[in-house]
Amino acid sequence: MNSQVSIIIPNYNCLQYLDTCINSIYQQKNVNFEIIIVDDGSTDGSKEYLEQLAADKSEVRIFSQQRKGVVAARNLAITQSKSEYLAFLDADDYWSTNKLAAQLAFHKKHPDCVLSFTDYMHFNENNEDIIGCFDYWPEFKCNKENRDFQFLDNPISQMITTNIVGTSSVMVKRSTIVDVGGFDDKLSSATDLDCWLKIAKKGYVGYSTLCAMHYLMRANSITSNRENRLAAMVEIINRNQSVVSNNELKKIKARLSECYGEFYRELGQYSKALMYSNKAFWLFPHKRNFKHMLYDLKHLFGAHS
């Protein structure tokens, strides 16, 4: 039977997480799927694990590349996919039961929907839940009681100003992601956000408040590649500022200033952090930005006392 969804998994040295990830796929019901896994030069035995999985499961296909990165891995998987819809799942994340069926049903009911995503839970390496994504972004207004999929009102602005789209929660139309050229390997970071924004310009974007994915926060993932991501965010904003209103652009620039503030705060450079948190607050007077200002002031004066 032809698959309805191609599940795309990039893997690099994720052996300890693969059982949970793969098992969460096989808990999905009422969906015909194929699993396309691209190993990016793993050395921890995960490639051998995946090869055995492919030998046992006909719906699993494995491809290998030598340390070309997650962008190349996802783009390779897209070229090998055969289904009308693609779902992304990183090898250290996992899905809740029946996530795919509800998402696919929404796409089938609304063929003009080119991308959908769900809420998700951050968890740490001790398998402890941290916070749900939508709870972290209270400015993302949504009805938490309604777990049905619904449409975003202003997807471009909402996706840039709030980091609400978890890659491992996303489903897209294959034809659309191919049409926009997949993930941009010229960007230094944030290639997933850039791709979702390109897709959003082609049709409707849906979401669900159902927390249908768990996203692993590794100990070194918060500060790594921060400078690359900031540079990429500047480029992404430049690519999209012509399609948002002036008011929305203020929110977007506030979010960028907030990111710069986070960067300098992590480096202990509180004067620069305060400059950016102050700018973020005046562009978008949100309580989170106000708390950042107070935090930076406290540490700045504490350092000089």
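Start with the second largest pocket of this predicted model, which has a volume of about 210 Å³. Select Glu139, Thr161, Thr162, Lys251 and Phe284: of the 16 residues that line this pocket, these are the closest to its centre. Now colour α6 (155-161), α10 and α12 (287-304), the elements that each give two or more residues to the lining. Which of them gives the largest share of the lining? That's α10, with five residues. Colour the lining by class and you'll get three nonpolar, six polar and seven charged residues.

Keep α10 on screen and add its packing partner. Select residues 226-240 for helix α9 and residues 246-266 for helix α10. Their axes are 11 Å apart and the packing angle is about 170°. Angles over 145 degrees count as roughly antiparallel, so that is the label for α9 against α10. To see what touches what, show side chains for Arg226, Glu227, Leu230, Met233, Val234 and Ile237 on the α9 side. On the α10 side, pick Leu249, Ile252, Leu256, Cys259, Tyr260, Glu262, Phe263 and Glu266. How many polar residues are in this contact? There are no polar ones; the classes come out as 10 nonpolar and four charged.

Next, jump to another helix pair. Select residues 15-26 for helix α1 and residues 46-56 for helix α2. Here the angle is about 30°, with the axes 9 Å apart. The cut-off for roughly parallel is under 35 degrees, which means α1 runs roughly parallel to α2. Turn the view until one helix lies over the other: α1 passes α2 in a right-handed crossing. From α1, light up Leu15, Leu18, Asp19 and Ile22; they meet Ser46, Tyr49, Leu50 and Leu53 in α2. By class, that contact has six nonpolar residues, one polar and one charged.

Last stop: the inside. Searching the whole structure turns up one cavity of 30 Å³ or more, and the volume of the largest cavity is about 30 Å³. To find it, select its lining: Asn98, Lys99, Ala102, Gln103, Thr118, Phe149, Ser208, Leu210 and Ala212. Which elements each supply at least two residues of that lining? Colour α4 (99-109) and β10 (204-216) and you have them. Switch to colouring by class once more, and the cavity lining splits into four nonpolar residues, four polar and one charged.

Terms used
Residues are numbered from 1 along each chain as its sequence is written. This is a predicted model: local features need pLDDT of at least 70, side-chain atom pairs count only at pLDDT 80 or more; totals for chains, interfaces and linings use all residues. Side-chain values use heavy atoms; hydrogens and water are left out. Axes are lines fitted to C-alpha atoms, for helices over the stretch in contact, and angles run from 0 to 180 degrees between N-to-C directions. Helices (H or I, at least four residues) and strands (E, at least two) are DSSP runs, numbered from the N terminus. Angles under 35 degrees count as roughly parallel, over 145 as roughly antiparallel, 65 to 115 as roughly perpendicular and the rest as oblique. A crossing is left-handed if the near helix is turned anticlockwise from the far one by less than a right angle, and right-handed if clockwise. Contact means heavy atoms within 4.5 Å. Ala, Val, Leu, Ile, Met, Phe, Trp, Tyr, Cys and Pro count as nonpolar, Asp, Glu, Lys and Arg as charged, and the others, Gly among them, as polar. On a 1 Å grid over the protein atoms alone, a cavity is a set of points where a 1.4 Å probe fits but cannot get out, and a pocket is an open set with protein on both sides within 12 Å along at least five of seven lines; lining residues have an atom within 4 Å of a point. Grid points are joined across faces, edges and corners, and a volume is the space filled by probe spheres set on the points.
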